[in-house]
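Work through the exercises below with the sequence and the model open. Each task is followed by its solution in steps.

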Amino acid sequence: MKIVVLDGGTVNPGDISWEPLESLGEVSVYSSTPKEKVVERIGDAKAILCTRTQIQREVFACCPQLRYVGLFATGYNIVDIDAATEHGVIVCNVPGYSTEAVAQHTFALLLEICQHVSDFDRLAHTGCWEEGPQYYSRQPLLELRGKTMGIIGMGEIGYRTAKIAEAFGMQVLGTRRHPDPAMETQQIHFADFTTLLRESDIISIHCPLFPETRHLINRETISQMKDGAILLNTARGPILQEEDVAQALKSGKLSAVGVDVLSVEPPDKENPLLQAPNCIVTPHIAWAPRDTRIRLVEMVAENLQAFMRGKPIHMVNPEAWREKIEG
């Protein structure tokens, strides 16, 4: 089978092996692929793999031989799923590969906001050691114990984040489409969305990007939050209405924001969050520890191998497979 990796540089800049995939067929790897080159580079391949390259309806129309799209990701908003299904193309994602890494990065953002570690490091390295008290009198340090964290989307990553918060002595309120009582403890509870907004000191977003979650955090929902709340987003950028979040930072309604994702990546230099005060932005790297990426390549290869054996797993459009079998 011919296999094309359209944007391998994102997953593997050269520090891990493609061997799990190379054992399955003839693999062509491109570091990245611009929109106008997608169809050309797919060529006559039956399987493509990608993480950020958009696979839209015209791609399926121009590549009738294509049968499989494998994602180096859990989210699948980069693929036109309806078009894939109409063309009989199976789309598979990789759930759970980055749970620990993303939860860890969520707290990296939060701890930087609370402790200002990089700022104090600069003071120490520039001979300003004694200015520490003056700095933290202007930028107070925040103790997490006893605070309430609201988690929007208590899936695997959200729940792992909740357990870390629990270890810090925090109370946790979570939302989930179908709450699971087994997740609840003395410190972790489910709540409705309005209650979560109203009672949380820190709100962390871990839900998928769907039409109903696009711009979920906007002027109206921010107005329901506590004054001085902290907002974190390691899910998908468009869940935030970025201009509204930036305005809330400028007004002080939000005391700080930490995000690993933006609505457009790479962002335009005019992105409002890049201009806003007290906003930490990292370039979509929460998922990227080396151990995590090795696991990801292995799981993507397992998905493809299962498809080749006629027993696909982790399908996001199983109806395409049912139509193939019934047809």
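The model is predicted.

**Exercise 1. Classify Glu 199 by its relative accessibility, then find its partner in a salt bridge.**

Step 1. The relative accessibility of Glu 199 is 36%. Buried would require under 20% and exposed over 50%, so Glu 199 counts as partly exposed.

Step 2. The side chain of Glu 199 meets that of Arg 198 in a salt bridge, at 3.5 Å from N to O.

Step 3. Arg 198 has 45% relative accessibility and therefore also counts as partly exposed.

**Exercise 2. State which parts of the chain are linked by the salt bridges of Asp 44 with Lys 2 and of Arg 57 with Glu 86.**

Step 1. Asp 44 and Lys 2 pair through their side chains at 3.2 Å, N to O. Asp 44 sits in the loop between helix H3 (38–42) and strand E3 (47–50), while Lys 2 belongs to strand E1 (residues 2–5). The two are 42 residues apart.

Step 2. For Arg 57 and Glu 86 the N to O distance is 2.7 Å. Arg 57 is in helix H4 (residues 57–62) and Glu 86 in helix H5 (residues 81–86), so this salt bridge ties together parts 29 residues apart in sequence.

Step 3. Arg 57 is partly exposed at 36%, whereas Glu 86, at 55%, is exposed.

Step 4. The count of salt bridges comes to twelve.

**Exercise 3. Check the length of helix H6 against the expected span, and describe how it is covered.**

Step 1. H6 runs over residues 99–115, which is 17 residues. At 1.5 Å a residue, it should span 24 Å.

Step 2. The end C-alpha atoms of H6 are 24 Å apart, so the two values agree.

Step 3. Twelve of the 17 residues are buried, so H6 is mostly covered. Among the buried ones are Val 102, Phe 107, Leu 110 and Ile 113.

Step 4. After H6 comes His 116, with a positive phi near 55 degrees.

**Exercise 4. Describe the largest nonpolar core and the contacts of Leu 231.**

Step 1. This core has 28 residues, and Leu 231 is listed with Ile 205, Ile 217, Val 245 and Leu 254 as having the most contacts inside it.

Step 2. Helices H10 and H12 and strands E9, E10 and E11 each give two or more residues to this core. H12 gives the most, with four.

Step 3. Beyond neighbours within four places in sequence, Leu 231 contacts residues including Ile 203, Leu 240, Ala 256 and Gly 258.

Step 4. A second, separate core of 25 residues includes Ile 16, Tyr 68, Trp 287 and Ala 320.

Note on methods: Residues numbered from 1 in each chain as written. Predicted model: local features only at pLDDT ≥ 70, side-chain atom pairs only at ≥ 80, totals over all residues. Heavy atoms only, no water. Expected span 1.5 Å × (residues − 1). Buried < 20%, exposed > 50% of the residue type's maximum accessible area, 1.4 Å probe, protein only. Core = buried A, V, L, I, M, F, W, Y, C linked by side-chain atoms within 4.5 Å. Contact = heavy atoms within 4.5 Å. Salt bridge = Lys/Arg side-chain N within 4 Å of Asp/Glu carboxyl O.
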